[in-house]
Amino acid sequence: MTKPKISIQQVGKVFGEGHHRVEALKDVSLDIADNEFVTFVGASGCGKSTLLRIIGGLEYHTAGEVLVDDRPIMGPGADRAMVFQHYSLYPWLKVMENIKFSRRLKHGRENLSEADVEAASGRADALLALMGLTAAAEAWPNQLSGGMQQRVAIARALMGRPEILLMDEPFGALDAQTREVMHDLILHVHRLEKPTLAFVTHDVEEAIYLADRVVLMAPRPGRIDTIYKVPLPAEREQDMKHTPEFLSLKKEILARIRETSGMKTDQGMLDQLNMQETA
Amino acid sequence: MPSSTRPRRPGMWAIRGPLSRRQYWLFAALGLLAPLGLWWLASSGSTVDKVFLPGPVDVFNRLVTWYTEDDLMSDMGISIYRVTTGFLFSAVIALPLALMIGTFRPVQAVLEPLTDFIRYMPAVAFIPLVMLWVGIEESSKISIIFIGTFFQMVLMMAEDVRRVPLAQIEAAQTMGAQKGETINLVIFQAAKPALLDTLRVTMGWAWTYLVVAELVAANSGLGYSILKAQRFLQTDKIFVGIILIGLIGLVMDQLFRLAHRKAFPWLYLKS
């Protein structure tokens, strides 16, 4: 058995104390393999974003351990780039400058030869092309559509060659058509750049289409409920969304999310509402 | 027969209705000229004493004599110097403090309640203390302007810094940014447009403290001239002083707006 890239071991997270104490995560364990694509879904409050932020080092866990390459994580780092839902681009920098932002950091400049600098410049151009942004290189972020902005955010995250890419509902604010294009783009990036990918979403179809494994989490306390291996070929195509395997998995996951959400339709309440209307 | 079945273009009195550029300037001119007309009307009758309400012509004549006989330019110069110096001192100290308050919670906890407390103290009441501690030189007038603007400025700037989206900060951290880099390359850069706006607003407040500042042993300046004119019942001179302060403030405001446009072009893109 090969070593996992990310190893999450009995991780717990408690927010607040006393009356305000909330157990956001309890006893979460999961191994993610190198170059694996894992998506996280679950009812709101299941702690999927919190877990992602813990891996990213943006949140600290109050129990257990998170190992990356067998080393415990100590805060955020360039090896684990994160893509957010929105507002993460720097509006005062043009698209190309945004993508090259990490070059301004000490971390990105240490022990660099001239050849490295040139290679970096070439990489920025390549990422721009990969994302279909070449024409927008000199645009300001607020001149771009939401989909284009997220492409810039992804290119910027990839610039430092992170081994792990964390995505927190990156397409949540995009319309359905743009989202489909972004799905194929991110799969392409995954094949090409081979990062390990952890991806949080509330869209079950998205979760299945992208992932090797879908991790379903449940709330109160936040925990892993079920892990589904996606029974689709590695090379994904949009048509696969209509196959029986895809549809039945989607139905199964949706049903399970409903069961674990703790919300149910109260028939008695509905009847009461109807009675008042007819009265 | 009805002319059309289509809904008509909403008029300017529709809720949040449209207003063409020409219409806008027409209304703006009305808003500026109407008070002037009313003023002229009210003062032109023989019923109102000139000492009580001088007319526009009297005020204009006073402006001319102030310029030709009483060295208006040096009064304006010294007042502009006092306001801008007090304001700049305030800005230079407030900026780093605000960055720290908006970034580090302990600094916020130490400084914000204190600042909140001091800013409610009336700047005028500090005059005796300023005279005692700073003396009655130029520095005392600058100190009053400083006291009047600094505490408001710190709090507003700290709020600007706090409004920087967390995602922008966290994105930098996951690209390997250190603490100092995050502050310099992200937080400060992101807050700059709001900070300049805060400077623009507080510059206006600095001008409102001019008269107060020139209460302290001054013998020149617009605020001082207004106070002196009061003693001699030169109502027309009071009018000139007040209007000039307003106009200088307006010019400075416009300069700040221009600087904002030049410095942050991405905020002014035509869509």
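A:Glu205 is partly exposed, with 24% relative accessible area. In this predicted model, A:Glu205 pairs with A:Lys250 in a salt bridge, and their closest N and O atoms are 3.0 Å apart. The two residues come from distant parts of the chain. A:Glu205 belongs to helix α7 of chain A, and A:Lys250 to helix α8 (residues 244-260) of chain A, 45 residues apart. A:Lys250 is partly exposed, also at a relative accessible area of 24%. Both residues take part in a network of salt bridges, in which A:Glu205 and A:Lys250 are linked with A:Glu180 and A:Lys241.

The next residue in helix α7 gives a contrasting picture. A:Glu206 sits in this helix, which spans residues 204-210 of chain A. A:Glu206 is buried but makes no salt bridge. Its nearest side chain of opposite charge belongs to A:Arg179, 4.7 Å away. A salt bridge requires a side-chain nitrogen of Lys or Arg within 4 Å of a carboxyl oxygen of Asp or Glu, so the 4.7 Å separation of A:Glu206 and A:Arg179 leaves the pair outside the rule. A:Arg179 is nevertheless in contact with A:Glu206. Beyond neighbours within four places in sequence, the other contacts of A:Glu206 are A:Phe171, A:His183, A:Phe199 and A:Thr201.

Over all chains, the whole structure holds 26 salt bridges. Side chains of opposite charge can pair when their charged atoms come close. One of the bridges joins A:Lys3 to A:Asp70, with 3.2 Å between the closest N and O atoms. A:Lys3 lies in the segment before β1 (6-15) of chain A, whereas A:Asp70 lies in the loop between β4 (63-68) and β5 (71-72) of chain A. The pair therefore ties together parts that are 67 residues apart in sequence. A:Lys3 is exposed, at 63% relative accessible area. A:Asp70 is partly exposed, at 44% relative accessibility.

Chain B also has a salt bridge between distant parts. B:Arg162 and B:Glu112 form this bridge, with their closest N and O atoms 2.9 Å apart. B:Arg162 is in helix α6 of chain B, and B:Glu112 is in helix α4 (residues 105-119) of chain B. The two residues are 50 residues apart. B:Arg162 is partly exposed, with a relative accessible area of 30%. B:Glu112 counts as buried, at 14% relative accessibility.

Helix α6 of chain B, residues 138-162, also carries B:Thr149. B:Thr149 is buried, and its relative accessible area is 0%. A polar atom of the B:Thr149 side chain lies 2.9 Å from the backbone oxygen of B:Ile145. With neighbours within four places in sequence set aside, B:Thr149 is in contact with B:Ser90, B:Thr202, B:Trp205 and B:Ala206.

In chain A, A:Phe15 is placed in strand β1. A:Phe15 is partly exposed, with a relative accessible area of 32%. Residues up to four places away in sequence aside, A:Phe15 touches A:His20, A:Arg21, A:Val22, A:Ala24, A:Thr50 and A:Glu59. A:Phe15 and A:His61 are 46 residues apart in sequence, and their C-alpha atoms are 9.6 Å apart in space.

The interface between the chains was examined next. Chain A gives 27 residues to the contact, and chain B gives 19 residues. About 2,000 Å² is buried between chain A and chain B. Carbon and sulfur atoms give 67% of this area. One salt bridge is found across the interface. This bridge is formed by the side chains of A:Arg53 and B:Glu170, at 2.6 Å from N to O. Seven residue pairs, both residues at pLDDT 80 or more, are in polar contact across the interface.

On the side of chain A that touches chain B, β6 (80-83) and α3 (106-109) of chain A are the elements that give two or more residues. β6(A) provides the largest share, three residues. By class, this side of chain A has 14 nonpolar, eight polar and five charged residues.

Methods:
Residues numbered from 1 in each chain as written. Chains lettered and ligands numbered in written order. Predicted model: local features only at pLDDT ≥ 70, side-chain atom pairs only at ≥ 80, totals over all residues. Heavy atoms only, no water. Contact = heavy atoms within 4.5 Å. Buried area = accessible area lost by both parts, 1.4 Å probe. Polar contact = N/O pair within 3.5 Å; in protein donor to acceptor, adjacent residues only side chain to side chain. Helix = DSSP H or I, 4+ residues; strand = E, 2+ residues; numbered from the N terminus. Nonpolar A, V, L, I, M, F, W, Y, C, P; charged D, E, K, R; others polar. Buried < 20%, exposed > 50% of the residue type's maximum accessible area, 1.4 Å probe, protein only. Lys, Arg positive; Asp, Glu negative; His and termini not counted.
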